[in-house]
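Trainee: Can we walk through this model together? I would like short questions with reasoned answers.

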Amino acid sequence: MKRNIKIKIGIIVAVVLICIYGIIGLPKSKDELVANWKKNIHLGLDLSGGTQLVMAVQLQDAFKAFADNTIERLKEELKKDNVDYVTMDRNDPNKLEDADKIQVDIKGVPVGKGSAFRSVVSDRFPEWTLLAVNSNDYRLNIKTTEALKLKHDTMTQTMGTIERKINGLGLTESSVQPTGRSDAEAELLVQLPGVGDPAHVKQLLQTQAVLEWDEVKDGPFATREEALAKHGGVLPLGTKLAPTVPRGGQQSWYLISRSPVVRGTDIRDAHATQGELNHWETNFVLTQEAAKRFERYTEANINNRAAIVVDNQIISAPTIQSRISDTGRITGAATQEEAADLALNLRAGSLPASVIYQEERTVGPSLGADSIREGFRAGIAGLIAVTLFMLFYYRRSGINATLALFLNAVILIAALAYAGATLTLPGIAGIILTIGMAVDSNVLVFERIREELRAGKAVIAAVDAGFSKALLTIIDTHVTTVVSCAFLFIFGTGPVKGFAVTLVIGLIANIFTAVFVSKTIFDFELSGKRQVTALSI
Amino acid sequence: MELFKNTNFDFLGKKWPFIGLSLVLTAAGLVSLAVRGGPRYGIDFKGGALVHVTFAQRPSVEQVRAALSGKIPALEVQELSGKPEDLIGTDVQDDRALQTASQTIVDSLMTAFGGQANGKYNINAGDANELAEKLRDPLAAANVPMSQQLLLELATKITDYRKYHSGLIRNLDELSSVPGLSPPILNVVKQVTYPAPIAINGTEVVGPKIGAELQRKAILAVLYALGGMLVYIAFRFEWIYGVAAVIAVFHDTIITLGLFSLFNKEISLTVVAALLTLVGYSMNDTIVTFDRIRENLKIMRREALEPLVNKSVNQTLSRTVLTSGLTLLTALALFLFGGQVLNGFSFALVCGIIVGTYSSVFVASPILIFWHNFLESRKGRPAVATPSAPKVNGPKEGVRRGTAKVK
């Protein structure tokens with residue numbers, strides 16, 4: 001046997017071993033083999049079952065909150081510096097695209113205080129550019145750099161919060177990432193493998209869980225109108241009205257302080273426990289700094305009522321019975337799940353901006369299993385049909401083609417495993433096209449060899465000529481497809497991309513198997529014999 | 001065995017009937033598309049909500065509509081033949097309505113067809129963890145306590161059974177075939193759970209904005225890909241070859257889209273993947289033929305272009321038919337056994353492979369000849385190329401010398 005055939009065979013054997021190792025590792029038992037296979041081949045959600053959510057983070061919410069915060073601070077600062085104004089307001093951008101068009105209008109600043117006003121803004125509010133509308137009115141626009149930073153921070157914070165919430169549910173295989181579409185910076189892709197019903201997750205994400213511990217100034221009232229009537233239609237300064245969570249059709253209203261004693265951000269930990277009478281409740285622990293504040297407040301307000309407010313609804317309005325330092329308790333949960341969800345929401349915090357779901361796909365485990373089973377059955381049926389035909393039509397050489405075909409499939413799957421790529425339904429489409437083109441390459445070569453044989457060439461020369469003449473065609477067809485895949489990858493979205501990746505890997509594997517491997521097998525078969533007069537093709 | 005040995009069909013001589021057929025098919029497709037107002041896009045592209053439901057006892061479409069009337073607008077119910085599964089969809093476009101659309105459909109269906117719960121847990125919903133949780137205390141009460149691990153294993157076996165039976169357990173007695181589920185345990189399962197005669201196997205909700213975006217991106221990706229191929233082929237051969245190949249592929253795509261429209265099938269993202277696949281196949285066929293034409297141009301310099309192209313088509317005929325036949329075999333397997341999710345995909349492949357094979361012979365090759373004849377006629381020569389023509393529209397021909405023909 002010639003030396004270079006030995007080297008070629010060595011290369012092929014090495015590639016096969018590396019590929020098989022990549023797919024199933026070094027299994028010692030059947031169970032281990034299956035486990036390794038499952039570990040190495042990542043199935044997409046469309047095959048394994050699960051939920052995929054695409055959400056648009058409503059960045060304008062964060063911009064509005066930022067403007068509100070600015071207004072509050074600016075009012076304080078202006079008061080300090082004795083600058084008067086008549087009104088101060090922000091506009092209300094409602095669309096995501098308009099987020100950075102946020103503006104704060106300050107009207108009625110006396111002409112004499114103009115320069116004082118300007119210096120307050122320029123010294124203490126560097127995030128904004130000041131525009132004088134006329135001698136009394138001013139407008140603040142957010143600076144571009146600041147807007148970018150705010151967007152980035154909001155996205156990071158949203159992703160972190162969602163991650164904490166999802167992980168809190170024990171869905172550890174889940175992922176949160178930007179969709180990466182160039183013109184959709186505010187889009188997030190959340191993947192939840194194995195989650196067949198996203199309603200719970202969506203509800204959890206939507207719940208803001210903005211917790212406040214407020215002083216109760218007055219109440220309870222049966223209706224909002226009653227409360228307003230008692231105060232002559234005007235609420236006292238620094239107070240607001242809040243309803244209780246409706247229970248059994250009953251709801252009452254309290255007048256509570258506008259600035260809370262404790263906020264959600266003061267919470268260090270929260271968890272659900274079973275309290276008296278086996279009712280579920282949520283306990284929370286405050287941070288050190290908040291605990292000191294809380295202690296002072298509770299000490300001064302013994303026998304007064306307080307309100308625990310979550311998302312602007314009063315959960316409970318207990319009477320303070322003793323000094324409390326760093327723990328609190330929220331009762332009234334109907335089920336364990338409700339108490340646990342609240343605890344999770346308190347721990348994870350609230351999203352800095354609301355989200356709108358753009359896309360939601362849930363594939364139940366049985367639907368995914370059906371797709372795999374049916375795809376597999378169809379694949380096997382197709383493969384068997386092709387193999388039988390090749391063996392029948394090309395006889396001994398058909399073995400050659402079949403080997404190359406199977407090797408191609410093995411290399412393709414191994415490459416996916418090594419790259420950590422996920423196999424999706426469109427990916428399977430790519431594999432089918434690859435198999436089709438692999439068959440094609442073999443047919444091209446074999447038909448060419450037959451032609452050369454008909455033209456009267458000797459067997460070895462015919463095989464060589466067949467391969468070398470078909471090579472150019474094979475390269476042309478493959479490069480064309482690779483070129484188109486490059487465009488599909490650059491411009492396509494998720495599934496189209498998956499298709500392109502599998503196809504390119506398959507095509508590269510195919511050039512190796514159809515040209516190199518198949519030729520080597522021919523060379524090997526022919527090398528042993530002195531005089532080759534016939535070829536089984 | 002050989003199917004085609006030294007064939008010599010006069011494909012190009014009889015090109016007119018085939019070109020006519022192409023034109024008729026293309027026109028039929030375009031008319032169908034025009035009449036129906038464009039392709040029938042799935043919710044991937046137009047936005048909307050879709051729920052996959054399996055019923056133990058399939059209700060009539062009217063019953064489903066009645067259950068959902070007033071709750072969700074623009075309802076569409078699609079029965080999948082040969083499957084216990086139905087698709088129930090809506091193409092509500094409003095962003096806010098869409099947020100709850102799938103939930104509304106599911107809830108209304110459960111109310112109408114979900115059967116009597118009697119305070120029991122629906123074994124056809126939820127996951128293994130939840131099931132284990134529901135079973136733990138009753139099992140202990142019935143004197144068959146289980147460790148957490150065993151309990152979870154048992155629950156997983158039950159949900160796996162469900163998974164391989166279309167997501168629906170019709171009767172709890174079915175479960176006696178599940179290993180490890182002894183009669184006393186089965187009794188507890190019966191006490192605690194009931195099988196709702198309906199299972200939700202999947203939901204899809206796509207916002208109209210993202211749908212339009214996906215549509216635009218898919219079309220752009222395909223157009224750029226076609227452009228890329230045109231440039232590459234033009235670079236490897238000559239620009240007219242690139243144009244001819246792209247026209248042929250375009251022809252295939254239009255006809256396939258037309259067939260989708262004629263059979264009223266939906267275009268989903270998976271179908272787009274199939275269209276890309278058939279573009280690949282068709283291009284492949286065309287290039288193989290072109291390669292042969294280029295090769296023959298070098299060795300048969302005396303031959304006129306039309307017989308030369310015809311000969312090339314004949315020489316590659318065996319490979320064309322074999323390859324297409326074999327891939328058609330795979331696609332047919334997928335169409336017959338591939339199930340509902342892959343149905344649109346495999347349909348596109350079956351149509352595409354047939355049309356694609358045909359187009360490389362009857363569309364791409366005649367374009368080369370037409371162009372060649374057009375160039376000749378501009379030079380004031382007869383429309384048909386003569387053997388003495390100084391330049392054949394092949395790549396980089398030098399002075400033409402006589403060369404022996406190869407059999």
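What follows is an exchange on the contact between two chains, some strands and a helix, and two loop residues.

Mentor: Keep in mind that this is a predicted model.

Trainee: Which helix gives the most to the side of chain A that touches chain B?

Mentor: The contact takes 62 residues from chain A and 66 residues from chain B. On the chain A side, β18, α11, α13, α14 and α15 each supply at least two residues. With 17 residues, the top contributor is α11(A).

Trainee: By class, how many residues on that side of chain A are nonpolar?

Mentor: Charged residues number 10 and polar residues 16. The nonpolar count is 36.

Trainee: Which strand of chain B is joined to β18(A) by bridges?

Mentor: Five bridges link the two strands, and they run antiparallel. E359(A) has V206(B) as its bridge partner. T362(A) is partnered by T203(B). The strand, residues 198–206 of chain B, is β6(B).

Trainee: Which residue of β6(B) is the bridge partner of V51(B)?

Mentor: Within chain B, eight bridges join β1 (residues 48–55) to β6, again in an antiparallel arrangement. T362(A) has its β6(B) partner in T203(B). For V51(B), the partner is likewise T203(B).

Trainee: How many residues of β6(B) are buried?

Mentor: Buried here takes 20 or more other C-beta atoms within 10 Å. The strand is largely enclosed by the rest of the structure, because its buried residues number nine of the nine.

Trainee: How far apart are the end C-alpha atoms of α10(B)?

Mentor: Helix α10(B) covers residues 269–299, and 27 of its 31 residues are buried. At 1.5 Å a residue, the helix should span 45 Å. The model agrees, with its end C-alpha atoms 46 Å apart.

Trainee: What is the phi of N303(A)?

Mentor: Most residues other than glycine have a negative phi. N303(A) sits in the loop between α9 and β15 of chain A. N303(A) is not a glycine, yet its phi is positive, at about 75 degrees.

Trainee: Is N303(A) buried or exposed?

Mentor: Exposed takes 12 or fewer other C-beta atoms within 10 Å. N303(A) has 7, so the residue is exposed.

Trainee: Which residue in the loop between α5 and α6 of chain B has a positive phi?

Mentor: The loop runs between α5 (128–141) and α6 (148–163). The residue is exposed, with 8 other C-beta atoms within 10 Å. Its phi is near 65 degrees, and the residue is N143(B).

Note on methods:
Residues are numbered from 1 along each chain as its sequence is written. Chains are lettered from A and ligands numbered from 1 in the order in which they are written. This is a predicted model: local features need pLDDT of at least 70, side-chain atom pairs count only at pLDDT 80 or more; totals for chains, interfaces and linings use all residues. Two residues are in contact if their C-beta atoms, placed from the backbone, lie within 7 Å. Helices (H or I, at least four residues) and strands (E, at least two) are DSSP runs, numbered from the N terminus. Ala, Val, Leu, Ile, Met, Phe, Trp, Tyr, Cys and Pro count as nonpolar, Asp, Glu, Lys and Arg as charged, and the others, Gly among them, as polar. Two strands pair if DSSP finds at least two bridges between them. The expected span of a helix is 1.5 Å times one less than its number of residues.
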